[in-house]
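Trainee: Please pick one part of this model and go through it closely, with every cut-off stated. I would like the interior first, then whatever helps to place it.

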Amino acid sequence: MTAASTGRRHVRRTRPALRLNGRAADWGLPVLGLVAVVALWWLATIVFSIEKLLVPSPKDVFDSFTAQSGYLLEQTWVTLLETVEGFAVAVVVGIPIAMLIAGSRLLEKMIYPLLLAVNAVPKIAIAPILVVWMGFGQLPKVVMVFLLCFFPVVISTAVGLKSTPSELTELVRSYDAGHMQAFFKVRFPYALPQVMVGLKTAISLAVIGAVIAEFVGADSGLGFVIVQSGSSADTPLAFAAMVLLGIISIVLFYGLVALEKVLLPWAEANQ
């Protein structure tokens, strides 16, 4: 047996082990960080004798959740639905607009300033106007999520489409490929990693948009729960709602990460 064959067998044995260790780290390190934060939080409430009205302990939050789990999960579903709907509308509207911007210098000059102006307006200032226009239903919350998600989706997609090397486009056209073929065969696949960056940024903002809208005018949702808990001085319930908001954000973000690994395995391999 040669040294080369022995080395190849050693590599084949170590690669699954390295992959397993990587997966364990991917799951274990976040859990370890979460346990450390909760332990420090609990320790601070004990050492400094912080009143439950100001900062409840993890046990107080857990007790509040178990006591009202049905109500909290119902409100979680409301916020989750608003978040996903607004994000989906931003993707459906934002990506075609980004394609237009990337494909036309004239449209880019016309639309970009408008996008910047809309993005610069504080969304908390728009929320009351949306309530006046659309009432207290679900629609103004979805629109608020859309407004926060729209800009990062458009900008990231446009940047990705414009970053395609001209050599690749010319190579495809040298094979008599049409404009649409060059776009869907080269430009859009090449832009997908940048598109996913925009989607991951947008999904992080989506939950914030839903909560902002629920703060201003709502009769359901986790933002509504936080407002009502503040008025009734039920701080543990407010913290339980905030924990659920954090869980929603984590699940949605890592859902997109998993989708990216499925759709773009080559992008991850090149990192």
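Mentor: The answer below goes from the overall fold to the core, then to charged pairs, and ends at the surface and loops.

This is a predicted model, in which local features need pLDDT of at least 70, side-chain atom pairs count only at pLDDT 80 or more, and totals for chains, interfaces and linings use all residues. Residues are numbered from 1 along each chain as its sequence is written, and side-chain values use heavy atoms, with hydrogens and water left out.

The protein has eleven helices and zero strands; helices (H or I, at least four residues) and strands (E, at least two) are DSSP runs numbered from the N terminus. Of its 271 residues, 36% are buried, where buried means under 20% relative accessible area, exposed over 50%, and partly exposed in between, with a 1.4 Å probe and protein chains only. Among contacts (heavy atoms within 4.5 Å) between residues at least 6 apart in sequence, 74% join residues at least 24 apart.

The largest nonpolar core has 52 residues, and Phe-87, Met-144, Cys-149 and Leu-199 have the most contacts inside it. Such a core is a set of buried Ala, Val, Leu, Ile, Met, Phe, Trp, Tyr and Cys residues joined through side-chain atoms within 4.5 Å. Two or more residues come from each of α3, α5 (123-134), α6 (139-162), α8 (179-216), α9 and α10. Helix α8 gives the largest share, 14 residues. Phe-87 shows how the core is put together: leaving aside neighbours within four places in sequence, Phe-87 contacts Val-145, Cys-149, Leu-199, Ala-202, Ile-203, Ala-206 and Leu-256.

A polar residue can be followed in the same way. Gln-75 sits in helix α3 (residues 69-103) and is buried, at 5% relative accessibility. Apart from neighbours within four places in sequence, Gln-75 touches Ser-220, Gly-221, Leu-222 and Val-225. Gln-75 and Val-225 are 150 residues apart along the chain, yet their C-alpha atoms are separated by 7.7 Å.

The UniProt record, in an unreviewed entry, places the feature "transmembrane region" at residues 27-50, 87-107, 114-136, 142-161, 197-217 and 237-257; its positions are given in the numbering used here, feature names are shortened, and annotations may be inferred rather than shown by experiment. Residues 142-161 are 100% helix and 0% strand, with the end C-alpha atoms 27 Å apart. Over residues 197-217 the values are 95% helix and 0% strand, and the end C-alpha atoms lie 31 Å apart.

Charged pairs come next. The structure holds four salt bridges, a salt bridge being a side-chain nitrogen of Lys or Arg within 4 Å of a carboxyl oxygen of Asp or Glu. Lys-200 pairs with Glu-260, with 2.9 Å between the closest N and O atoms. Lys-200 lies in helix α8 and Glu-260 in helix α10, so this pair ties together parts 60 residues apart in sequence. Lys-200 is buried, at 17% relative accessibility, and Glu-260 is buried as well, at 13%.

Arg-105 and Glu-108 also meet in a salt bridge, at 3.2 Å from N to O. These two residues are three apart in helix α4 (residues 105-120), so about one helical turn separates them. Arg-105 is exposed, at 55% relative accessibility, whereas Glu-108 is buried, at 12%. A network of salt bridges links Arg-105, Glu-108 and Lys-162.

Now the surface. The accessible surface of the protein is about 16000 Å², and 71% of it belongs to carbon and sulfur atoms; areas come from the Shrake-Rupley method with a 1.4 Å probe, and for residues, only the protein chains shown count as cover. A nonpolar surface patch of about 960 Å² accessible area is formed by Leu-40, Trp-42, Leu-43, Ile-46, Val-47, Phe-48, Ile-50, Leu-53 and Leu-54. Patches are made of residues with over 30% relative accessible area and no salt bridge, with like charges joined within 9 Å and nonpolar side chains (Val, Leu, Ile, Met, Phe, Trp, Tyr) within 5 Å. Leu-40, one of the patch residues, is in helix α1 and is exposed, at 58% relative accessible area.

Two loop residues remain. Ser-49 is not a glycine but has a positive phi of about 50 degrees; Ser-49 lies in the loop between α1 (3-47) and α2 (58-67) and is exposed, at 55%. Ala-233, also with a positive phi, near 60 degrees, lies between α9 (222-231) and α10 (235-263) and is partly exposed, at 44%.
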